[in-house]
Amino acid sequence: MRWNELGDTSGPRAPDLFGAKGLIRTVRTPEFSGIAFHEVLAKSALNKVPQSSSMPFTWTINPYRGCSHACVYCFARSTHRYLDLDAGRDFDRQVIVKVNIAEVLAAEVSRPSWARDHVALGTNTDPYQRAEGRYGLMPGIITALADRSTPMSILTKGTLLRRDLPLLSRAAEETSVEISMSIAVHDDALQQSLEPGTPTTKARLATVRAAADLGFDVTVFMMPILPKLTDSLDHLDSALRAIRGAGAARVVYGALHLRRGAREWFFSWLEREHPELLDRYRRMYATSSYASKEYRRWLGERINPLIDRYGLRGTDDDDYPATSRRRGGLRSEPAATADSPAAGIVAPAQQALF
């Protein structure tokens, strides 16, 4: 059964979404103008990270595909092409919702073979995007993981996280819980242009404070830092000062990464909003999705002294700093030792976070 924009079954049929299996209905409602939610029944909740990956977790969960945060640089845009949807406007407005994901997850982690490996949320699209306010999938996911003492981490731009902080605090009594907030742009006008569907920087900082007040060591991801837009000393200094003032424990940073799909969409935005920078960006990203080594070295020399000044260094940071699976959990948790499974784990590269 598929619905038209008012939830009525008599209207026009929704797209087949690449023949998406398990599609129940498509919902469009006035409070989410321009956005279509395609509700599907998922067969699995847990996604296995390849052994060859350097990611500091074994499994991921993505309750949603597509993201109404609409960040113009989002690396995950290209994944929408697998559904025969485009990586631009469709990614922002055609959101896949796995409505049964909590129940499927509960069954998966109840199996005797489940090893309680670390599970990450927010590595692809944001679990606390606006759709979560309608569907409320995260409480069930958190509960399923906590009931099986499964370590978890959440990376988000969404202030709806505050709704679940009491639940996460209780979960942290049973297992390791890490919270990270992505706050890359500390200029209000630029932030709303780059990330038009996200909460404000001020609201995200308030969410960091709320989590810190509950005892969480919150990590802030200053990713991506954009050449000539957010890499000035004034911008970096004011950003780190605000992050420190919000009670964050550490900062992870990285220069803009542009995969295919994101690259075209970002360049369209750049041509429209900052045409004077377009040639510079095209040269920098002509042969690689990464900023040049020279730029990343320059950025490190600029930002690292500021990170030290504000006491926001977790470990030996570079462009993609080392971290521990336990960093970002409650302050009462012991730090990883050289003998612990968490020691020496490398943080996810920028392409896995944005």
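Buried means under 20% relative accessible area, exposed means over 50%, and partly exposed is in between (1.4 Å probe, protein chains only). Helices (H or I, at least four residues) and strands (E, at least two) are DSSP runs, numbered from the N terminus. This is a predicted model, where local features need pLDDT of at least 70, side-chain atom pairs count only at pLDDT 80 or more, and totals for chains, interfaces and linings use all residues. Residues are numbered from 1 along each chain as its sequence is written, and side-chain values use heavy atoms, with hydrogens and water left out.

**View 1. Strand 8, a mostly covered strand.** Let's start with residues 152–156, where five of the five residues are buried. Met 152, Ile 154 and Thr 156 point one way, while Ser 153 and Leu 155 point the other way. Now for the neighbours: two strands pair if DSSP finds at least two bridges between them. Strand 7 (residues 119–121) runs parallel to strand 8 and is joined to it by three bridges; look for Ala 120, whose bridge partner is Ser 153. Strand 9 (residues 177–182) is also parallel to strand 8, with five bridges between the two, and here Ile 154 has Ile 179 as its bridge partner.

**View 2. A β-α-β unit built from strand 8, helix 5 and strand 9.** Follow the chain from strand 8 through helix 5 (residues 165–171) to strand 9, and you've traced a right-handed unit. Right-handed means that, with the strands pointing away from the viewer, the path from the first strand over the helix to the second runs clockwise.

**View 3. Strand 11 and its partner, strand 10.** Strand 11 (residues 250–255) has six of its six residues buried. Arg 250, Val 252 and Gly 254 sit on one side, with Val 251, Tyr 253 and Ala 255 on the other. Five bridges join strand 11 to strand 10 (residues 219–225), and the two run parallel; Thr 219 has Arg 250 as its bridge partner. Add helix 8 (residues 233–245) and you get a right-handed β-α-β unit.

**View 4. Aromatic pairs, with Phe 37 and Tyr 135 up front.** Rings of Phe, Tyr and Trp (its six-membered ring) pair if their centres lie within 6.5 Å; planes under 30 degrees apart count as stacked, over 60 as edge-to-face and the rest as tilted. The structure holds eight such pairs. The ring centres of Phe 37 and Tyr 135 are 5.6 Å apart and their planes are at 80 degrees, so this pair is edge-to-face. Phe 37 belongs to strand 2 (residues 36–40) and Tyr 135 to helix 3 (residues 131–135), so the pair ties together parts that are 98 residues apart in sequence. Both Phe 37 and Tyr 135 are buried.

**View 5. An aromatic cluster that includes Phe 266 and Phe 267.** These two rings make a tilted pair, 6.3 Å centre to centre with 50 degrees between the planes. Phe 266 is buried at 0% relative accessibility, and Phe 267 is buried too, at 13%. Trp 269, Tyr 281 and Tyr 285 join them in one cluster.

**View 6. Some backbone oddities.** Most residues other than glycine have a negative phi, and most peptide bonds are trans. The bond from Met 223 to Pro 224 is cis, with omega near 0 degrees, and Pro 224 is in strand 10. Arg 116 isn't a glycine, yet its phi is positive, about 60 degrees. You'll find Arg 116 in the loop between helix 2 (101–109) and strand 7, partly exposed at 43% relative accessible area. Lys 228 also has a positive phi, near 65 degrees; it lies in the loop between strand 10 and helix 8 and is exposed at 52%.
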